[in-house]
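Here is a protein to go through by question and answer. Take the sequence and the 3D view together.

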Amino acid sequence: MIRMSLWILALLGVVHAMNISHTTREMPTAATNTSTSWRSKPSWKEIARNKSRLVSKLLKDYDKRIRPYTGVLPMDVRVDMLVSNIWAIEESQMDFTIDIYLRQYWEDPRLSFLENEMQKTLTLNRQTIDEIWVPSTYFFNAKKAYFHDVTTDNYLLQIHPDGNIFYSVRLTVTMACKLNLQMFPHDVQTCTVMLESYGYQATDVYYKWNSRNSTGDVVFIAEDLEMPQFMITNVKLEERTNIYNIGPHSALVAKFTFHRRLGYYMIQTYIPSMLTVTISWFSFWISPDSPPARVGLGITTVLTMITISNSARAPLPKVSYTKAIDWFLLMCLVYVFGALMEYAIVNFYSCKVQYKRERKKKKAEQEILEQESEKEEDKFTSPCLNGSLKKNESNGSYRLAVVVDSKNPFFPRAQLNKKHPKFRFSRRHRQKERDDLDESDSQPPKKHHHYFWDPYETAFMTSEPAYSVDKYARIYFPVTFAVLNSIYWIVYAPDKMIF
């Protein structure tokens with residue numbers, strides 16, 4: 001018994017010792033595993049070498065001249081873009097310039113690889129693009145384009161483990177845009193961005209929009225994009241196939257709708273034109289007896305309207321049809337020229353009346369002259385002259401025969417006027433007084449015609465028809481201009497004007 005007990009105690013001691021030894025061994029083993037895990041993680045240099053070997057392996061025996069899935073099925077190329085800026089639309093050149101980030105997606109199984117911690121998505125630079133197959137995408141309506149290379153080439157290439165490729169490039173393209181300017185400047189223009197495959201037909205490469213959630217995700221417009229004369233109101237996307245004599249080609253179309261802002265043209269063209277027409281109407285309240293004032297105002301307003309018309313048409317192309325702004329400027333020019341022609345009509349009536357009165361006066365003066373000559377035939381004698389007054393029997397006129405005295409060879413003519421003023425000057429003065437008396441008795445009191453000053457200070461302005469032309473022009477010109485102006489804005493102005 002005693003021996004057995006000793007054996008049991010010895011066995012328990014050995015087991016206890018073994019447990020302690022095992023515990024002491026496990027603790028440093030954990031620390032050793034931790035240090036081993038840190039040591040087993042590769043460095044960035046090793047990762048770079050692995051990726052370099054992977055790229056070399058992928059490009060080994062890779063022929064970039066052959067598209068993926070050639071001879072099996074057509075290649076799907078998905079496209080979306082980011083519009084960072086749209087420069088002003090040039091009406092004279094019929095084009096617009098757009099700055100975009102063009103993004104293309106396709107699948108190339110030759111570039112697939114196994115994914116692990118060191119081999120995930122490969123992001124490569126510009127040189128790799130020249131070593132792999134890329135779609136032959138071009139812009140159908142491009143006039144000129146260039147890639148950005150500041151501070152380096154703006155390209156991005158990513159290869160995923162499943163062979164999907166993401167290719168992005170930044171470029172600026174000037175594209176043709178067919179503008180219809182019949183409603184200018186109230187027009188709404190639609191400009192297209194069309195891209196298609198140049199080297200592959202639709203049976204080889206087919207383009208699709210990379211649709212996500214909405215159109216705004218496919219063609220994303222930068223939030224801070226602001227155009228000086230236009231506002232982008234809509235973007236419409238299309239997928240089409242263009243048929244050529246060599247075969248069908250797949251194409252993508254993005255249609256941008258631009259509404260023109262009217263604020264610039266209101267300030268530069270419409271308001272100045274209407275003010276110029278209004279100023280031309282001031283001549284209707286200026287007395288027609290002031291030709292320099294009325295003619296000067298009319299010519300100034302006509303020249304001003306011509307200048308405004310030329311400046312408004314300067315940036316526009318020479319088209320054969322009439323634009324909306326042409327009708328408005330032509331209407332203003334007609335009214336300004338009409339105000340100038342109105343004074344010509346007023347002057348015509350005034351001169352006509354004046355001519356009739358002058359003829360009446362001349363006839364009356366002739367009659368009075370004959371009567372006074374008959375009465376003073378016997379009374380007229382000059383102490384300073386040796387002569388006589390003889391009557392011409394043929395026409396009834398009188399001739400004064402003068403014999404100059406040798407003692408007074410230089411008899412001044414003023415003495416004749418001084419000695420006998422009745423014969424030379426009194427008849428014209430007396431006739432004017434008689435005409436004034438006759439007119440005051442026969443005509444009613446003259447009306448006040450609301451000029452800036454009294455127009456009846458001279459006989460030139462006593463024409464009633466001339467005043468009537470001014471009176472009606474003050475009413476008809478503003479009323480008809482307001483009516484035509486309202487018709488213009490109803491016909492040409494869009495439902496929603498953007499300023």
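Q: How much area does the protein expose, and what share of it do carbon and sulfur atoms supply?
A: This is a predicted model. The exposed area of the protein comes to about 31800 Å². The share supplied by carbon and sulfur atoms is 58%.

Q: How many helices and how many strands does the secondary structure of the protein hold?
A: Both kinds of element occur here. The count is ten helices and 14 strands.

Q: What percentage of the residues in the protein is buried?
A: Buried means under 20% relative accessible area. The protein has 499 residues. The buried part of them is 35%.

Q: Of the contacts between residues at least 6 apart in sequence, what percentage joins residues at least 24 apart?
A: A contact here means heavy atoms within 4.5 Å. Take the contacts between residues at least 6 apart in sequence. The part that joins residues at least 24 apart is 76%.

Q: Is Thr269 buried or exposed?
A: Thr269 is placed in helix H5, residues 263–280. Its relative accessibility is 4%. The limit for burial is under 20%. Because of that 4%, Thr269 counts as buried.

Q: Which residues does Thr269 touch, leaving out those up to four places away in sequence?
A: One view of the surroundings comes from C-alpha atoms: Thr269 and Ser309 are 40 residues apart along the chain, and their C-alpha atoms are separated by 8.0 Å. Now leave out residues up to four places away in sequence. Thr269 then touches Ile308, Ala312, Ile325 and Leu329.

Q: In which helices do Tyr270 and Trp489 lie?
A: The whole structure has 23 aromatic pairs. Tyr270 and Trp489 form a tilted one, with 5.0 Å from centre to centre and 50° between the planes. This pair links distant parts of the chain, 219 residues apart. Tyr270 is in helix H5 and Trp489 in helix H10.

Q: What is the relative accessible area of Tyr270, and is the residue buried or exposed?
A: Burial needs a value under 20%. Tyr270 has a relative accessible area of 0%, so Tyr270 is buried.

Q: Which residues do ring pairs link into a cluster, and over which ring does the charged end of Arg126 sit?
A: The cluster is made of Trp106, Trp133, Phe147, Tyr155, Tyr167 and Tyr200. The charged end of Arg126 is 4.4 Å from the centre of a ring. That ring belongs to Tyr155.

Q: What accessible area does the nonpolar surface patch with Val479 have?
A: Val479 lies in helix H10, residues 464–492. With a relative accessible area of 47%, Val479 is partly exposed. Its patch partners include Tyr472, Ile475, Tyr476 and Val483. Together the patch residues have about 890 Å² of accessible area.

Q: Over which ring does the charged end of Lys471 sit, and how far from its centre?
A: The ring is that of Tyr472, a residue of the nonpolar patch. The charged end of Lys471 is 5.2 Å from the ring centre of Tyr472.

Q: How many residues apart in sequence are the parts tied together by Arg67 and Asp204?
A: The salt bridge count is 16. Arg67 and Asp204 form one, with the closest N and O atoms 3.6 Å apart. Arg67 lies in the loop between helix H2 and strand E1, and Asp204 in the loop between strands E8 and E9, so the pair ties together parts that are apart in sequence by 137 residues.

Q: Which of Arg67 and Asp204 is buried, and which is partly exposed?
A: Asp204 has a relative accessible area of 27% and is partly exposed. Arg67 has 6%, so the buried residue is Arg67.

Q: Which strands does the salt bridge of Lys208 and Asp76 tie together?
A: The side chains meet at 3.8 Å, N to O. Lys208 is partly exposed at 34%, and Asp76 is partly exposed at 35%. The two lie 132 residues apart in sequence, Lys208 in strand E9 and Asp76 in strand E1.

Q: Which residues are joined with Arg260 into one salt bridge network?
A: Arg260 and Asp187 meet in a salt bridge at 2.6 Å, N to O. Arg260 is buried at 5%, and Asp187 is buried at 3%. Salt bridges with shared partners join Arg260 into one network with Asp187 and Glu91.

Definitions and conventions:
Residues are numbered from 1 along each chain as its sequence is written. This is a predicted model: local features need pLDDT of at least 70, side-chain atom pairs count only at pLDDT 80 or more; totals for chains, interfaces and linings use all residues. Side-chain values use heavy atoms; hydrogens and water are left out. Helices (H or I, at least four residues) and strands (E, at least two) are DSSP runs, numbered from the N terminus. Buried means under 20% relative accessible area, exposed over 50%, partly exposed in between (1.4 Å probe, protein chains only). Accessible areas come from the Shrake-Rupley method with a 1.4 Å probe; for residues, only the protein chains shown count as cover. Patches are made of residues with over 30% relative accessible area and no salt bridge: like charges are joined within 9 Å, nonpolar side chains (Val, Leu, Ile, Met, Phe, Trp, Tyr) within 5 Å. A salt bridge is a side-chain nitrogen of Lys or Arg within 4 Å of a carboxyl oxygen of Asp or Glu. Rings of Phe, Tyr and Trp (its six-membered ring) pair if their centres lie within 6.5 Å; planes under 30 degrees apart count as stacked, over 60 as edge-to-face and the rest as tilted. A charge sits over a ring if NZ of Lys or CZ of Arg is within 6 Å of the ring centre and within 35 degrees of the ring normal.
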